[in-house]
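Biologist: Could you take a close look at the enclosed spaces in this protein for me? I would love to hear what surrounds them.

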Amino acid sequence: MTYEKTGGSRDWSPERLELPPESLRAFGYRIVDMLVDHQEGLANKPVTGHASRSALTELLDQSLPDGPSDPLAVLEELEQGVLRHSMHVNHPRFFAFIPGPGNMVSALGDALASGFNVIVSLWLEAAGPTAIEETITQWLASVCGLPKTGGGILVSGGSVANLTGLAVARHVMLDDKLDDAVVYCSDQSHASLQKALRLLGFRSEQVRVIPTDTDYRLQPKQLEGALIKDRELGRRPFCVIASAGTTNTGAVDPLPEIAGLCAAYNLWFHVDGAYGAAAALSSQGKTELLGLNQANSIAVDPHKWLFQPFECGCILLRDRALLPRTFAAQHDYMQDGAPADVNLCDYGIQLTRGFRALKLWLSLKIFGLGAFRAAIDHGLAMGKFTETLLRAHDSFELVTPANLGIVSFRYRAVGLSAEALDRVNLAIVEACIEDGFAFVSSTRLRNRDVLRICTINPRTSEADIRSTLDRLAILGDQLLASKDQRV
Ligand SMILES: Cc1ncc(COP(=O)(O)O)c(C=O)c1O
């Protein structure tokens, strides 16, 4: 059915918050040009674009603009004044934290989702987008080996995915009664889990932190000992949190053994796979993630190793029906629509939800699953390559080998104490920020400061890694030679 155009002739005044079609096209084309130029020129730009607060006073002190501005001039201001002062986390030599390789197809998908302003709350409002999100999440569940009942929803990221999964565990296992309940995780669990548990009302004495072994993996024997002790003391163990790829070292906890304990002690098995679970897409990754398929809930972060722009996280449930059981709420003003409709606002914390699935769907359709699999394999191979170089490098000692694309290491120098080496390694990170060629970050392992490289960007080459390590060695040598006060 078509309708006659209503509204008569158009008035393009700014009060309608519309640009005339030609200006809007020019604005949009300029943005596309900026994105394409960014993709094409990125490898030759500095990785870091840092600035102090004082250097940004002009930006910080802006008054609200009362009148309109030329759209292309505003884009120029954005490019020169704002984006330049931002690190390029999708740069092939950005190895810090967890890089955000992203992809431009998905970025344009985000623009489409925003432009159509799709709200994926009620089936009534967004039947097609709801179907796409269900398809995508069921597909992710099958990648993780969950049964046909599996599925979930897309959320902002791993933190909210963990929070959502643990909220389901609390509801299903404890009926939301927290007294004497105990949850278990390892000393390498991501900080977002502690935050989630606190928000869910658990006190710190209800969170049992199990020490890890020499490979930074949760120790099932220690876990079982703690479970038995807590039960003897009349407490109520209800959930174990395992990591499928810790952020520090990429370590994967012994998932099959932990799953066995969860089954034996009737515990919820939550896996934080925000970093690593996506690797299940590749056959090598799948082998390393053995046991992932036994989880009750899994946090996955498509904005990490599934190459989506921020924000895109996902919580998967072995039984997705537990999501509406936990989150469904009655909104009187939302009673329209068929009773059997799937309303994704009943599946999580958010009522208003954007069309996050669009970017995943578009990029999967356009590049194909094979390209994603190859991109993950590349990240795994680059991790191994980094490890090989480090083993032979005079300036570094390997601290942890490549685990799911994460390698940790330490600059070394004869005659320096462990504390002095800590300071040198931290100073190397600072020097990296000033230098701009590459960026690696540090972490603490067993009370020592180490450097850490994460190699998941599919556009990172062997040459990028080799030149980065050599640059780090030079920076370390220069710091020592200059007697820099930081070291
Ligand atoms: C293992 C792990 N869990 C959870 C998170 C939190 O994810 P997000 O930053 O997307 O909220 C991260 C982030 O790096 C992570 O590496």
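Modeller: Happy to; here is a walk through the cavities and their linings. This is a predicted model, in which local features need pLDDT of at least 70 and side-chain atom pairs count only at pLDDT 80 or more, while totals for chains, interfaces and linings use all residues. Residues are numbered from 1 along each chain as its sequence is written, and side-chain values use heavy atoms, with hydrogens and water left out.

A cavity here is a set of points, on a 1 Å grid over the protein atoms alone, where a 1.4 Å probe fits but cannot get out; lining residues have an atom within 4 Å of a point. Grid points are joined across faces, edges and corners, and a volume is the space filled by probe spheres set on the points.

Searching the whole structure gives 2 cavities of 30 Å³ or more. The largest has a volume of about 40 Å³, and around it sit E134, T137, Q138, G151, G152, R320, L344 and Y347. Both α5 (127-143) and β1 (151-155) supply at least two residues of that lining, with α5 giving the most, 3 residues. Helices (H or I, at least four residues) and strands (E, at least two) are DSSP runs, numbered from the N terminus.

The second largest cavity holds about 40 Å³ of space. Its lining consists of Q284, E288, L380, K384, A402, N403, L404 and G405, and α10 (283-288), α14 (369-392) and β8 (396-403) each supply at least two residues.

Key:
On a 1 Å grid over the protein atoms alone, a cavity is a set of points where a 1.4 Å probe fits but cannot get out, and a pocket is an open set with protein on both sides within 12 Å along at least five of seven lines; lining residues have an atom within 4 Å of a point.
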